[in-house]
Structure formats: structure tokens, C-alpha cells
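Q: Please take a close look at how confidence is spread along this chain, and then at the parts that stand out.

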Amino acid sequence: MFEEVSEVMEMFRNAFPLSFLFFIPILIALTPVGAANEFSVYKMQRYDLQGTSFGSKNFLINMEARPVGSSSMTRRCIVARLEEVTLSGYRDWVSQNAGGLVILIPENIQQLSEKEKKHLQNLEEDLLVEESGIPVYFAPETEELAEIYESIKNGASGDQAATAWQAFLGAATANGFQMVMTGPAEKPLTDFPIASIQGRLSGSGIEEQLPSIVIVAHYDSFGVAPGLAQGADSNGSGVVVLMELARLFSKLFTNSRTHAKYNLVFLLSGGGKFNYQGTKRWIEDNLELDANVFTDAAFVLCLDSLGADQTLNLHVSKPPKEGSAGAEFLKNLEELAKSRSPAVKFNMVHKKINLADEMLAWEHERFSIKRLQAFTLSHLDSHKSPLRSSILDTKENVNVEVLNRNVGIIAESLAAFIYNTSTTSVSQLFSQSLGPQASIESAMLNYLIQESRCAQLVAPEHSLITTLQDTMSRYLKDVKISTHKADKRDPEFLFYSGSQYTMNAYNVKPAVFDLFLAAAIAAYLVMIWFLSQNMNVLFSTIKKYVQSPQKVKSQ
Amino acid sequence: MTFFHFGNCVALAYIPYAIVYKCSGLSEYNAFWKCVKAGGAYLFTQLCKMMVLATFFPATDSGGDGLDVTGEFLKCTVDLADLVGLHLIMTRIAGKSQLKFMVAGMGWATSELIMTRVIPLWVGARGVEFDWKYIQMSFDSNVSLIHHISTAMLVWLYSRNDLNKSMLPVVTSLLLLGCYRPLIVEILIHAVGLGSWMLLLAKTLFTLCVGLVTLQMYLRIPAQLQNSYY
């Protein structure tokens, strides 16, 4: 016995390096196990603004998936297509203590029909306001995801069974999905700095004594899921127009003949979708420190959503007085809008600031509160337009030609104002080489919508900010970034981290199934044991069959 | 899926081996170390095969969907080394004839089971996701036990002098069939598009047929007719 042992050991010792070499490849080959279905999900917004919380307080999903309409939702993750989610249904799930909601949206969101878009926009508003603990995620529907959705939908889960026996059988044969989310935990971003970028063009003469024109556009986007908000029209188009104006006027201001007696101040403000936090802070800073920006400000022009439609609306809180700078600019705009073919419809929309409302309607109201002549130019006729804060605001919403035309109108009316000439003569100024160029605008817009620009995703170190700063410094002077953090004790706004997560759908069986399987295996093993116990019976039968012809022969 | 599921798979894969070991009379002959030796020989043979494969069949990264029949055929030809390995084991082991091939087959199959099944089961069957393939894999290991024992039996038959000469072509063709089994399986997967369950069933039936034919031939040998253990 011991001899044998030592013999075996001898063999292993001799072969050890070899057998080691033998194991390693097997280990390497076998470790990667086919990963479960993996897909990206985008978390719904969560933020606190002026003491009110928006969005869901929970974010973790690690539970079984259920389709819409299954009877028990408690601690389950509901997987639904967009059209299946309604506000009343959502409230119902909340009352049932559902554990999570994954809403499937088409990969190309513009595929939705008009009716569905309307539905999505309403849902975006409602879900954000609704107070609940259900984590809500949006998932672009890939083919894989569509398959998972179908199997969840068709899966015979124990919940729907009529009788106890059916429920029992269903539990054993069901094919469930466990939705597991991976990614860093959601945490509040206290001290999150909102960055605003400003730059200026100085007029000819003593800079301090010249009046200024302030041009403002907020660069952030907004949507129900921060990771999906491209914000092409609102306010990618505003940023593009501002950049193009900066480019055109920087050229004009370098030529001594066209160097106007006005300072132009350009501001790309942050946090525009959060009650214009960046603008607010910028005004406060500049009123206190650097008074000359405002004392002689002729007017403040805010740009918001300028990429579509045949209309231009000038939103004002107080109609400009006859003869004031604002009135003159307004007149220029009106004339130039008319002169286009086809004519652009121009309106002035008057809306008083509602001080009772916590949210300001347009960006210019931040300036109007401080008694500055200010207005917002937009193709939208109301600040309530859902397009301003929707994930539907993609590139398809912006027509670059319209954008280019609007740049032309604004640039010409500005020029007519600062050179104090008639609107007809100014159109030659922006001729071929100096004209607004659609290619530049389109490139800029494409860059802006590459990534989501939601305020909580764009920290001052973000590449978007540095790129915008670089572009501005190419045309403007004194380009600088100012950051704004919320007050520590009484924060006006509070963002939360995390927008894109990875979700895995694991194909799982209920626990009862394991018991069934164990019973089946036990039965199989007993059968094997019984067979091998009676092997000799089999042997003798075969032997008889084999022997009989030979016996015949021998006889 | 869970540890319970892992337990299920392991039970399905390993307990039949234990049953066969107990009931075939191997335990009465203290054949454990002989089985271990056979397992060691399995390792050595696989290593040699791998050397040959790595030298003459460098891995191609083309990864096309098409089936490279000739390449697979040549690779399976290398599996003939298995037969040589089994033969060597049996010539080294002293003992009764039926003990020889049982030891060789058992040792060989167990060694393969441990080498190729433990880690996938450990990694996969305990994972969150459920997949039938682990149950199939465990069941497949039962089939390969029969396969290896019958192959060992065939090799043993082949080396016998008192084998009826008319049987020799049958034995050879069965050996070759067993050897090229992976190739046949590949072709079946590609050509017929068998599902994993059907494939498993086909494998089982095929192996059972080979096993029965082999058993019948074994029992035909004159020596077996006279002094049979059973």
C-alpha cells in the first residue's frame, strides 16, 4: 500500500511542473463565465431646489422584474415601455410599494409619434414632481433589452396563477429576471460649483465710460434623466448664437473703422435650468465688485432656444420706454425680421415678473429684478413650453439654417444699434467673409450635444467648460470662469451624483425550482444505483444471448 | 444560481462515479491508488497532446463561423494518443482482466471530471444567473464515464489475442468512432442545428449503443465464458 503511495507521489513529483503547466491554461480558459445581459440605464433627476426635493430618494435596484399589470408589485422592479407608464399607474405602483421602475425608451427618441412625445413630456413633468421612493430609470431599448422585455411580459410568474397548484407549478417553471444595478452609490454633491464663463469686447474710447451691452445664454440642459438631456435647442442653440456673435463682433471690433463705442459683455451662465443660479450669482458679484458693467448697461439680451420656427419672440418684463436703448434695438429687430424672405414673425411678449413664484420664467428676469433693461429672445412663446426641459430636445429639433438666419437678424440689429445706423445699410456689413457661417454653427452645435450638459454633470473641470473657455478666448478678452457654490447652511440647490449606471438582467429561477431539481436528481441517482446493483442480471442476459448460438455449434 | 444549485450539479456529476466505483467491485480490490495512477496518466497524456496541438496546430484568431472539418479532423486524430495512454495504463496494472479496464476507465474519467468540470461548476453554477448548461454538463459527465469505460474495454479487447478475428474490424471502427466523437458532435451542431438537449440525448444514446456492443463482445471472449466473475 505504502509503496503504491510513494510511487504515485513520485509520479506527481516528477510531473509537477508539467501538471502545473497543464492546470494554468485550463484555469484561464474557464474563468470568464458568460456575462448576463448588460445594458445602460439613466437615472431620473434628483435635486433639491430652494427647499423642495425633486425626484426619487432611492436609487438602488436589486430585485426581480415584473411587467406592468402583474398583480403583486411589492419589492419588484417594474419594466415597462414608455406608453405603459401613466401617472395614475405610477401612483398605483407607489402605493403598492414597488421597488423600482425601468422605463424603456426607443434608442432614437425622435422615432416616437407626436402623441407619444406629448405623453413623454407630460410624464417628465409629472414624475419629477411626484414625491416617491421608487427609483426610476430610463433605458434606451436595445434588441437585447426588447427580448428581455418580451420574456418578462410573457413569463408565467406565480403571481398571476388562478389556483394554488398552478402557482406552485408556475413557480417551478417560471423564468424570471433579477435586475441588478451596479455603479457607485448616489450621494449629495454638497459644494458643487456651478461655472459661468464671461468675456468682453471693449469699445473704442475710455472703456470705463462706455455703455455696455450684455449678451447672456445659459449653457446647461435639462431632462427627466440628466444623462439623456442633450438640450440641443434649449439651450445649445443659444450658446451657438452667442459664440457666433462673439466671433462676428470680435472681427468688427479689431477694425478701427468699425470699432463701436459700446462694450460688449458675453456671459455663458451655468445652472440656467435651476432658476438661473449662475446668472444670479454673476449679477451679485458684478453689482458689488465691478460696478461699471451695469451702471451703463444699455440693455441685457438673453438668448434661449433659437433653433427653430418662423417666429421670434422678445420676452420682456416691462416694455421698453420709447426712445430708450431697448426700444431702439426692438425696432431694429422687428424691421430686420420683416425684411427676411420668408418674413419672420416677430412679437414682443410682455409678462410681468411673478414675485410670488419661486421659479423665474426667463433668464432676463434676473436682470429685470435689478432694474436693468433686459429681454430674452426665443422662438418659444411661453416659458412653460415643455421643450425647454425635455429629453426630446435632440439635434432634430434644431434647424441650422434657421439658427443661421437668427444669428444674422440678431447680429444686424445689434450692429445697427451700436453704430446707430439704419437697418438697411447694416446688412452689407455682414457680407460674405464676415457673415454668419452655418458650418461653424453646425460644428459647434454638434460638439455641444455630444454629451449631456445637465448642470450636475458639468463641473468647472469638465471638458465642456474648458473648451467653451478656449473658444471664447479666441475672440474675446478677459475670459474668466467664475464658480458659484450653494450656501452651506441654507443651500439654494443641491445636486446628487450619478446619472448613468449599468444594469444587469440575470435569468433566475425561483427557490422552489431548486427543490424540484434536487428531487429529480435524487430519483435519477437512485435509478443508477439500482441499475448497477443489478448489473449481473444484465450481464447474464447478454451472456445467455451470446452463448446460445455457440452451444448450438458445439452440439 | 445558488449554492444549492451548485450542490445539485455536483451531486449529479459525482455520485454516479461513486456508485460505479462501489458496485463494480473496484472497492473490493483496493483499486483506489490504481485509479489515481490512471488519472495521473490521463494528465500526462493530455499534456503530451497539448504539446502536439500547440506545435502543429497554432491557434488561428480568424474565429469564423464556418466549420473547419479537416482541421478538426486532424485535431481529433491527436486524440488517438488517448487510446495509447489507456493501453499503457492497462499494461502497467497487474490484476484481473476486468479490473484492468475498469481501473483505467474509472481513473481516466474521474481525472477528466475533476480537470474539466469542477471549475466551471464552481464559477458558473453558483452565479446569480440560472442556466441549464450546468445541469447538462453534469449529466454529460455521466455519459463520458460510460464512454471512457467502454473505450478502455475496447482497447483491452483490441490487445487480446483470443479475440475472435472477425470482431477486430468492429472493435477498430468503434474505437475510431469514439475518438472522433467530438468531430461528429461539431458536425451535428453545424449541420442539423441540434439544440443542447437533443445533442445530449444523441450523445447518450450513441454512447449507450457503443457500450452495449462492447459489453457483448467482451462477454463473447472465451476466457470470459469459462471463469467469469459474475
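In chain A, in which helix is confidence lowest, and in which is it highest?

A: This is a predicted model, in which local features need pLDDT of at least 70, side-chain atom pairs count only at pLDDT 80 or more, and totals for chains, interfaces and linings use all residues. Residues are numbered from 1 along each chain as its sequence is written, while chains are lettered from A and ligands numbered from 1 in the order in which they are written.

Confidence is lowest in helix H1 (residues 2–30) of chain A, with a mean of 53, and highest in helix H14 (residues 463–475) of chain A, at 93. Here pLDDT is the predictor's confidence in each residue, from 0 to 100, and helices are DSSP runs (H or I, at least four residues) numbered from the N terminus. The average pLDDT of chain A is 84, and 87% of the residues score at least 70. Residues 27–34 of chain A stay under 50, and the model has 8 contacts for them beyond four places in sequence; a contact means C-beta atoms, placed from the backbone, within 7 Å. Residues 551–555 of chain A are also below 50, with 0 contacts beyond near neighbours in sequence. Where pLDDT is low, the predicted coordinates should not be read in detail.

The stretch 551–555 falls in domain 3 (510–555) of chain A, by an automatic or database domain assignment. The C-alpha centres of domain 2 and domain 3 of chain A are 87 Å apart. An unreviewed UniProt entry annotates residues 511–531 of chain A as "transmembrane region"; such annotations may be inferred rather than shown by experiment. Over residues 511–531, chain A is 100% helix and 0% strand.

Key. Helices (H or I, at least four residues) and strands (E, at least two) are DSSP runs, numbered from the N terminus. Two residues are in contact if their C-beta atoms, placed from the backbone, lie within 7 Å.
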